[in-house]
Structure formats: structure tokens, C-alpha cells
Amino acid sequence: MFLPSLPTIAAVFGAEPATAQLTVTLFLMAFAASQLVYGPLSDRFGRRWVLIGGLALYSVAGLACALAPTIGVLIGARVLQALGGGAGPVVARAVIRDLYDRERAARVFSYMGMAQSLNPMLAPIVGGYVHEAFGWRAIFFVLAGAGTLFVALMIVGVHETNVRRDPTALQPGQMGRNVAELLTDRSYVAYVLVNALMFGGQFAFISGSSFVLIGVLGVSPSGFGLCFGSVALGIMTGTFLSGRFGVRLDRMILSGTGLGATAGLLLAGLAWSGILTVAAVIVPMFVFAVGLGLTLPNGMAGAVGPFPRMAGLAAAVAGFLQMTGSALYSLAVGHFYDGTARPMTTAIAVAGVAALVCFWRLRWRRAPGVLA
């Protein structure tokens, strides 16, 4: 929601673009790390109150962001916000695994992805208008209010789904053995890696698009929100297609990574050829986002499905690797920013091609067409 404000935040605090982007990249890293805590906690104590506590911290940290006097304080508050918000995705994924078998979970993840896609569609649009009307700090007041609403909804509407709580889930030795079991499973690694690469390409766009579209192409903050929302519509399209027509996880992932690789190469080719327009950025990125929507829910279902005993940890490790990889990737994009679209578009192309190649070698070539 605050992405349209990034250039303004950098200017207000006299910070370099790469420093302002730390509000995104460090958020991602803390968001990822927190999932490693929330996953085992929810395996041990249940899903409901772990989720409520994390969202409460998210809300309080939103107020700290709104009142930050310096860029350093804002970055620190964003880290706290991430530490709270990390409860959301990992516990939600574990809840789905509690309730559904692997095949049904893939469809539910897809439909959940459709709902989640509304957020990046609407948030930058709303954020752009809030920024223009009330300034960038108002955006964080809105986020704090949203966090408070989330807490209330969780208290009223979410029941406990973890009926197989693991009393050893927080013991260091057992956690180490569980993580080793996950990371030595070839299929788990394949699904997690392809999700991390595709999401890394998307986040290269998330972290770099405001500087390219607003700073280079002169798009207004509200116009940026519309551009960003159209890309998010691509994710929704992909998740809808996955939920409606998806039968085999691996085939959907192969289709998604194929679209991502093709769109990324087109995007980078246009940028390196000197063709830089809003359409030249948004249209290929829309196609990449469709591929992402096809890939993410099926990759998560494939990763978490075989591990009902430690669904929280499996979702947490997958989320940690996905978000950490994305954070490091977007951090590199920020440091290589040179006033053109080339670093961002190249990063997106590399991510799409790498996802396709990795999935082909690690999973598809081994068992093509098999529902994993």
C-alpha cells in the first residue's frame, strides 16, 4: 500500500532509493524469519492464538511506522510490523493443511490466492490516493487500523484446527530433525525452490517498479497504483485458472514457469532494446504474474501436503526460503538501480528462466505428469 510513497519517503528523509527500499526488503527478511517461529509455535500450541498475537503486533507496529521521525526508525518499525505479520501466511497455510487433503488443498490455496490478489490490486491504488490526499504517514495509520480489524475478525471467526498438536515441536533437537527431513526431500526442495524463484521475480518488480514507473516514466502515484493493480490482476487470473482447471500440480507449475520465463525474457528484451513505455513494462509483467498465480498455490500444496504431522513447520520453512530469497533478490535490484529499467527487468527474466530450469531438472524430468 505504501509503494507509491517510496520516492517521497526517500526525498523527505534525504535517503538514497536503496535505503528507502530497505523498508521493503528488510520487511521481507523479518517476515520470512518470523515464520520459522510461528510455524513450530502453531504445531505445539495451536493455530488460533498464535495468529491473533502476531496480528496484534502488526497493528501496533503500524502506528510506530506512521509516527517515525527518521528513515531509521521507519525501517525498524517496518521490521516489527513484519515480525507480527509473518503469523498470517504460515498459520493460514497450516490451517488449510489441517482441513484438506493434498489435492483439495491445492484448489483451496488457489482460491485463497485469488482473494489475496485483491490486496496488491487494490492496496497501491488506495495507497496512491491516500498519499495524494493526506500524505504518506496516513497510509500507515490505515494499515494499523486494518491490523486491528484483523485481530477482531480472528477472535470472532477462527476456531482451532490443530487437533494433532506436537508436544516436541519446539524442542531444538526435534526441530533440527524435522527441518533436515524437509530439506533432504527432493520433491519438497523442488517445490519450494520454484516458488522462491518465481516470487523473487515478482518482488523484483514490487521493489523496483515505483522507481521505474514514477521516477523514469513519470507516472503519478495514483497511476502507479492502477499499473500495479493490473499486474496483480494477472496473479488473480493465474490462481483462478489453477483453482478452476488445475488437476495435476506438476503440469500447472510447468505451465506457470514457462509463462514466467517467456514473459521475463520479453520484458528484459524490450528494456535492453531501448523500448521503455508503460505498456512495455506492464503487459509482459501481467503475463509473468499469470504464471506466478499458476505456480504458487500448486507449489505450496506440493511442499506441505506430504507432512501433516508438521504442517506448520513445513509451511514456515517454505515461506522463509521464499521470502528470504525474494528479499535478497530485490535488495540486489535496488543496489544495481541505474536510472533505467534494465536491472529490474533483467532480474525478472533471470528468475523466470531459473524457475523453469530448476523445476524441469529437480522434479518434472524425474516424474513427468505425476501428481505429487
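Contact means heavy atoms within 4.5 Å. The exercises below use a predicted model.

**Exercise 1. State where Met 300 sits, whether Met 300 is buried or exposed, and which residues Met 300 touches.**

Step 1. Met 300 belongs to helix H13, which covers residues 278–304.

Step 2. The cut-off for buried is under 20% relative accessible area. Met 300 has 4% relative accessibility and therefore counts as buried.

Step 3. Leaving aside residues up to four places away in sequence, Met 300 touches Arg 93, Phe 109, Asn 195, Ala 318 and Gln 322.

Step 4. As for Leu 149, this residue is 151 residues from Met 300 in sequence, and the C-alpha to C-alpha distance is 27 Å.

**Exercise 2. Find the mean confidence of the chain, and the helices in which confidence is lowest and highest.**

Step 1. The average pLDDT over the chain is 85, and 96% of the residues score at least 70.

Step 2. Confidence is lowest in helix H7, residues 102–134, with a mean of 78. The highest value, 95, belongs to helix H5, residues 71–85.

Step 3. Where pLDDT is low, predicted coordinates should not be read in detail.

**Exercise 3. Classify Tyr 111 and His 131 in H7 as buried or partly exposed, and list what each touches.**

Step 1. Both residues are in helix H7: Tyr 111 and His 131.

Step 2. Buried requires under 20% relative accessible area, exposed requires over 50%, and partly exposed lies in between. Tyr 111 has a relative accessible area of 38%, so Tyr 111 is partly exposed. His 131 has 13%, so His 131 is buried.

Step 3. With residues up to four places away in sequence not counted, Tyr 111 touches Gly 243 and Arg 244. On the same terms, His 131 touches Ser 5, Thr 8, Trp 136, Ile 139 and Pro 221.

Step 4. The C-alpha atoms of Tyr 111 and Leu 241 are 9.5 Å apart in space, with their positions 130 residues apart in sequence.

**Exercise 4. Describe how H4 packs against H8: angle, direction, handedness and residue classes.**

Step 1. Two packed helices are described by the angle between their axes and the distance between the axes. For H4 and helix H8 (residues 136–157), the angle is about 165 degrees and the axes are 8 Å apart.

Step 2. Angles over 145 degrees count as roughly antiparallel. H4 and H8 are therefore roughly antiparallel to each other.

Step 3. The H4 and H8 crossing is left-handed.

Step 4. On the H4 side, the contact includes Arg 48, Leu 51, Tyr 58 and Leu 63. On the H8 side, Trp 136, Phe 140, Phe 141 and Met 154 are among the residues met. By class, this contact has 17 nonpolar, four polar and two charged residues.

Step 5. Ala 64 is also in H4, residues 48–66. With 34% relative accessibility, Ala 64 counts as partly exposed. The C-alpha atoms of Ala 64 and Gln 81 are 8.9 Å apart, and the two residues are 17 apart along the chain.

**Exercise 5. Give the direction of H5 relative to H8, and name the residues that meet.**

Step 1. The axes of H5 and H8 come within 13 Å and cross at roughly 20 degrees.

Step 2. An angle under 35 degrees counts as roughly parallel. H5 is therefore roughly parallel to H8.

Step 3. This crossing of H5 and H8 is left-handed.

Step 4. Leu 74, Arg 78 and Gln 81 in H5 meet Trp 136, Phe 140 and Leu 143 in H8. The classes are four nonpolar, one polar and one charged.

**Exercise 6. Work out the direction and handedness of H10 with H11, then place Gly 229.**

Step 1. Helix H10 (residues 186–216) and helix H11 (residues 221–245) have axes that come within 10 Å and cross at roughly 155 degrees. That angle makes H10 roughly antiparallel to H11.

Step 2. The H10 and H11 crossing is right-handed.

Step 3. Residues of H10 in this contact include Gln 202, Phe 205 and Leu 213, and those of H11 include Pro 221, Phe 224 and Val 231. The contact divides into ten nonpolar, three polar and no charged residues.

Step 4. Gly 229 is in H11. With 6% relative accessibility, Gly 229 counts as buried. Gly 229 and Ala 138 are 91 residues apart in sequence and 20 Å apart from C-alpha to C-alpha.

Definitions and conventions. Residues are numbered from 1 along each chain as its sequence is written. This is a predicted model: local features need pLDDT of at least 70, side-chain atom pairs count only at pLDDT 80 or more; totals for chains, interfaces and linings use all residues. Side-chain values use heavy atoms; hydrogens and water are left out. pLDDT is the predictor's confidence in each residue, from 0 to 100. Helices (H or I, at least four residues) and strands (E, at least two) are DSSP runs, numbered from the N terminus. Axes are lines fitted to C-alpha atoms, for helices over the stretch in contact, and angles run from 0 to 180 degrees between N-to-C directions. Angles under 35 degrees count as roughly parallel, over 145 as roughly antiparallel, 65 to 115 as roughly perpendicular and the rest as oblique. A crossing is left-handed if the near helix is turned anticlockwise from the far one by less than a right angle, and right-handed if clockwise. Ala, Val, Leu, Ile, Met, Phe, Trp, Tyr, Cys and Pro count as nonpolar, Asp, Glu, Lys and Arg as charged, and the others, Gly among them, as polar. Buried means under 20% relative accessible area, exposed over 50%, partly exposed in between (1.4 Å probe, protein chains only).
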